[in-house]
Amino acid sequence: MVSNGYRPEIDGLRAIAVLSVVFYHFGVPGIGGGFVGVDIFFVISGFLIGGLLWSELDQTGRVSLHRFYLRRFKRLAPAFFSMVLVVSVVAWKVLLPFEYREFGKSLIAATVYLSNVQFYREAGYFDAAADEKPMLHTWSLAVEEQFYLFLPLLILLIGRRRWLSPVLQGTFGVSLLACVVFTVTNSTATFYLFPFRAWELLAGVLLAIWGYKARSDWALHPALSFVGVALLLYAVIFIDAGPGFPGAWAMIPTLGTVLILLNGQDDNVVNRLLRSGPVVFVGLISYSLYLWHWPVAVFSKYVVETYSGPLESAGWMALSVLLALLSWRFVERPTRHATWMGFSATVTGVAALSLVTLGIGAVVFKANGFPGRFPADIRSHVDASADFIQDWSRCKVSDTGPLAGVETCTIGPEGAPEVLFWGDSHLRALMDGIAAEAMRSGTPGLIIWHAGCPPVFGVKKRESSATPAQDAACSADNVRIRQALPSLGVRDVVLIGRWSYYAEGRGVGRDVPNTITLLPEGNPRSGTLRNLLRQTVHEIGSYAKVYILRQIPELALYDSRRTARRLAHGRGAGLEASYSIPLSEVAARQASSDPMLRDIANEENATLLDPRPYLCDAETCSIWSGDEVVYFDNNHLNNAGAALVAPLFRPVFERGGG
């Protein structure tokens with residue numbers, strides 16, 4: 001709280017922040033940028049905490065960490081742990097084993113205030129979608145907790161007030177610049193990680209310090225409030241989620257919040273609305289509402305998949321509000337103002353609850369999500385959904401050498417690689433099976449895979465599911481690979497890709513919204529995918545034997561995760577139709593890619609490897625091998641599938657007599 005005492009319009013701002021987030025997550029139309037509510041929260045937190053610490057430093061010459069962390073623990077911990085314990089029970093009943101295992105990991109990370117780092121590191125091609133992670137919303141709490149460590153310790157380190165403000169201003173500038181610059185190349189990092197978000201919190205801190213020094217009455221001019229609310233409304237309605245955020249776009253809600261705080265005591269219609277009883281009340285329950293709304297959104301969409309309409313969405317929002325009211329009334333308020341909760345009792349309680357949640361997370365993680373929770377008749381799909389974690393222990397990104405900057409995975413015994421596998425995520429799916437064959441044959445080799453990136457020289461891509469930076473990274477990796485391959489001395493190179501996707505430019509079935517456009521890099525006359533792939537095979541063929549894997553048959557409507565969830569929750573009717581596909585439909589899907597691969601193999605003396613005999617009979621291709629599911633989704637095999645088709649690669653490994 002700043003020196004002027006309680007300011008109800010700040011709770012009004014909290015109401016805007018939390019309702020923006022809640023409406024966005026429950027799909028309320030017209031709230032395209034509701035996620036910026038988190039940015040509003042950041043500025044408010046910086047303003048309140050900065051004002052508290054600066055006034056204490058000015059009045060006493062020091063900052064009491066004892067008092068500061070007691071207030072933080074009493075304010076935040078009880079409601080947080082209440083939510084976590086309830087969510088852990090619901091997750092046991094709802095989540096599949098691999099999801100519950102990941103929940104255990106996120107529970108550990110959230111308890112130690114590092115969930116933002118965990119979710120940043122998890123963000124990847126096959127990572128679970130954001131709306132499937134019950135603890136995802138704790139990333140912003142982790143950022144704030146890291147701020148609560150950073151700011152008091154910085155004040156203690158600097159000590160002298162005349163240096164503190166310039167240091168904070170410099171840190172603000174560096175953080176803002178880094179956020180804007182690095183959002184272009186790594187928006188995931190700038191979204192989740194504290195150094196790139198610190199400027200938003202510091203904007204509030206610097207405003208509070210200015211107001212304290214200037215003895216501001218926080219009533220400058222009505223126009224500031226009107227401009228501030230206009231900026232917030234624009235951000236909430238019009239800012240798009242995606243690779244451009246946070247970057248410079250985050251300056252809009254940040255500036256809007258700063259302007260409203262700056263003029264919050266002025267008597268104007270904006271501030272009167274923010275101070276009104278219902279709006280203030282929503283602000284008072286905003287922390288509990290933020291905590292509870294996301295698990296409700298995740299579990300509800302997990303079970304029903306898609307809301308039937310606005311009425312159902314409103315019902316789930318109402319449940320979130322009810323849980324928030326209960327949390328605020330019976331957890332937040334009693335503990336926040338409890339005089340019996342001194343420092344020792346509070347710290348002991350927080351430590352004990354932390355040990356409980358850490359223990360739950362560790363047990364769930366070590367037990368692989370307790371797969372025995374589900375009946376045997378759906379375990380094949382449950383097991384398939386969890387069978388997509390490959391062995392990455394021999395993968396690395398070298399800083400030096402011909403493949404510097406490219407992730408490579410060593411397979412087989414130690415030694416100079418004799419065979420090289422180059423491909424996209426289809427290669428990643430096959431990796432463990434290929435690695436087993438390499439070890440069996442005693443042949444050292446190398447795997448290079450890049451999701452959504454065709455193993456073709458001289459191509460650039462534009463993919464709907466990738467950011468511009470990811471598209472550029474594909475081209476950059478392929479350039480490095482092209483330069484490095486002749487010097488590696490490998491005798492065989494195997495190309496693996498989702499060829500029909502590249503030839504047709506779109507996904508199929510469950511991923512039909514995914515689109516990709518391939519263009520020649522540099523010389524437009526180099527032309528089509530067929531020409532570029534032919535040139536690639538011809539070039540590699542001058543120094544190595546080339547193999548091309550015919551595409552894994554796609555089962556358009558199958559997804560092991562979706563199937564297992566629906567079966568687990570009694571909604572399995574009609575799923576059997578997705579378990580197989582007529583061979584004629586596979587042939588139709590690959591009508592553009594199969595002739596291309598066959599022609600290139602014939603013209604360039606390459607060998608075409610065909611996985612269909614392992615996955616199809618004379619009429620259909622199926623997810624089944626005996627009673628085991630071998631597909632992960634509609635176009636990737638799981639590890640069991642990789643083991644099934646692995647013998648297909650024996651001619652590659654045994655050609656040299658290894």
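Colleague: Is Phe 370 buried, partly exposed or exposed?

Modeller: This is a predicted model, and Phe 370 lies in the loop between α16 (343-366) and α17 (379-386). Buried means under 20% relative accessible area and exposed means over 50%. Because the relative accessibility of Phe 370 is 27%, the residue counts as partly exposed.

Colleague: What is the phi of Phe 370 near?

Modeller: Most residues other than glycine have a negative phi. Phe 370 is a residue other than glycine, yet its phi is positive, near 55°.

Colleague: Which loop holds Tyr 113?

Modeller: Tyr 113 is not a glycine, and it has a positive phi of about 65°. With 28% relative accessibility, Tyr 113 counts as partly exposed. Its place is in the loop between α4 (97-111) and α5 (115-122).

Colleague: What is the omega of the peptide bond that joins Phe 245 and Pro 246?

Modeller: Most peptide bonds are trans. Pro 246 is placed in the loop between α10 (222-238) and α11 (251-262). The bond joining Phe 245 and Pro 246 is cis, and its omega is about 10°.

Colleague: How many salt bridges does the count come to?

Modeller: A pair is counted when a side-chain nitrogen of Lys or Arg is within 4 Å of a carboxyl oxygen of Asp or Glu. By this rule, the count for the predicted model comes to 37 salt bridges.

Colleague: How many residues apart are Arg 566 and Glu 305?

Modeller: Arg 566 and Glu 305 form a salt bridge, and their closest N and O atoms are 3.5 Å apart. Arg 566 is in helix α22 (residues 560-568), while Glu 305 is in the loop between α14 (286-304) and α15 (310-336). The pair therefore links distant parts of the chain, under the 4 Å cut-off for a salt bridge. In sequence, the two residues are 261 residues apart.

Colleague: Is Arg 566 buried or exposed?

Modeller: The cut-off for a buried residue is under 20% relative accessible area. Glu 305, at 33% relative accessibility, counts as partly exposed. Arg 566 has 18% relative accessibility, so it counts as buried.

Colleague: Which residue meets Arg 491 in a salt bridge?

Modeller: The N to O distance in this salt bridge is 2.5 Å, and the side chains that meet are those of Arg 491 and Glu 418. Arg 491 is in the loop between α19 (468-488) and β6 (492-496), and Glu 418 is in the loop between β2 (407-411) and β3 (419-423), 73 residues apart. The relative accessible area of the partner is 29%, so this residue is partly exposed: Glu 418.

Colleague: How many residues apart in sequence are the parts tied together by Glu 654 and Arg 440?

Modeller: The side chains of Glu 654 and Arg 440 meet in a salt bridge at 2.9 Å, N to O. Glu 654 lies in helix α27 (residues 650-654) and Arg 440 in helix α18 (residues 425-441), so the parts that this pair ties together are 214 residues apart.

Colleague: What is the relative accessible area of Arg 440?

Modeller: Glu 654 has a relative accessible area of 41%, so it is partly exposed. Arg 440 is partly exposed as well, and its relative accessible area is 42%.

Colleague: Which residues touch Ser 475, not counting residues up to four places away in sequence?

Modeller: Ser 475 is found in helix α19. Its relative accessible area is 12%, so Ser 475 is buried. Leaving out residues up to four places away in sequence, Ser 475 touches Val 459, Lys 460 and Glu 521.

Colleague: What accessible area do the residues of the nonpolar patch have together?

Modeller: Helices α13 (277-284) and α15 each supply at least two residues of this patch. Leu 325 lies in helix α15. The patch on the surface is formed by Tyr 6, Phe 281, Leu 284, Val 321 and Leu 325, whose accessible area together is about 390 Å².

Colleague: Which helix gives the largest share of the lining of the second largest pocket?

Modeller: About 980 Å³ of space lies in the second largest pocket. It is lined by 36 residues, and Arg 14, Leu 48, Arg 72, Arg 75 and Arg 336 lie nearest its centre. Helices that each supply at least two lining residues include α1 (8-25), α2 (37-60) and α3 (65-94). The largest share, eight residues, comes from α2.

Conventions:
Residues are numbered from 1 along each chain as its sequence is written. This is a predicted model: local features need pLDDT of at least 70, side-chain atom pairs count only at pLDDT 80 or more; totals for chains, interfaces and linings use all residues. Side-chain values use heavy atoms; hydrogens and water are left out. Buried means under 20% relative accessible area, exposed over 50%, partly exposed in between (1.4 Å probe, protein chains only). Patches are made of residues with over 30% relative accessible area and no salt bridge: like charges are joined within 9 Å, nonpolar side chains (Val, Leu, Ile, Met, Phe, Trp, Tyr) within 5 Å. Accessible areas come from the Shrake-Rupley method with a 1.4 Å probe; for residues, only the protein chains shown count as cover. Contact means heavy atoms within 4.5 Å. On a 1 Å grid over the protein atoms alone, a cavity is a set of points where a 1.4 Å probe fits but cannot get out, and a pocket is an open set with protein on both sides within 12 Å along at least five of seven lines; lining residues have an atom within 4 Å of a point. Grid points are joined across faces, edges and corners, and a volume is the space filled by probe spheres set on the points.
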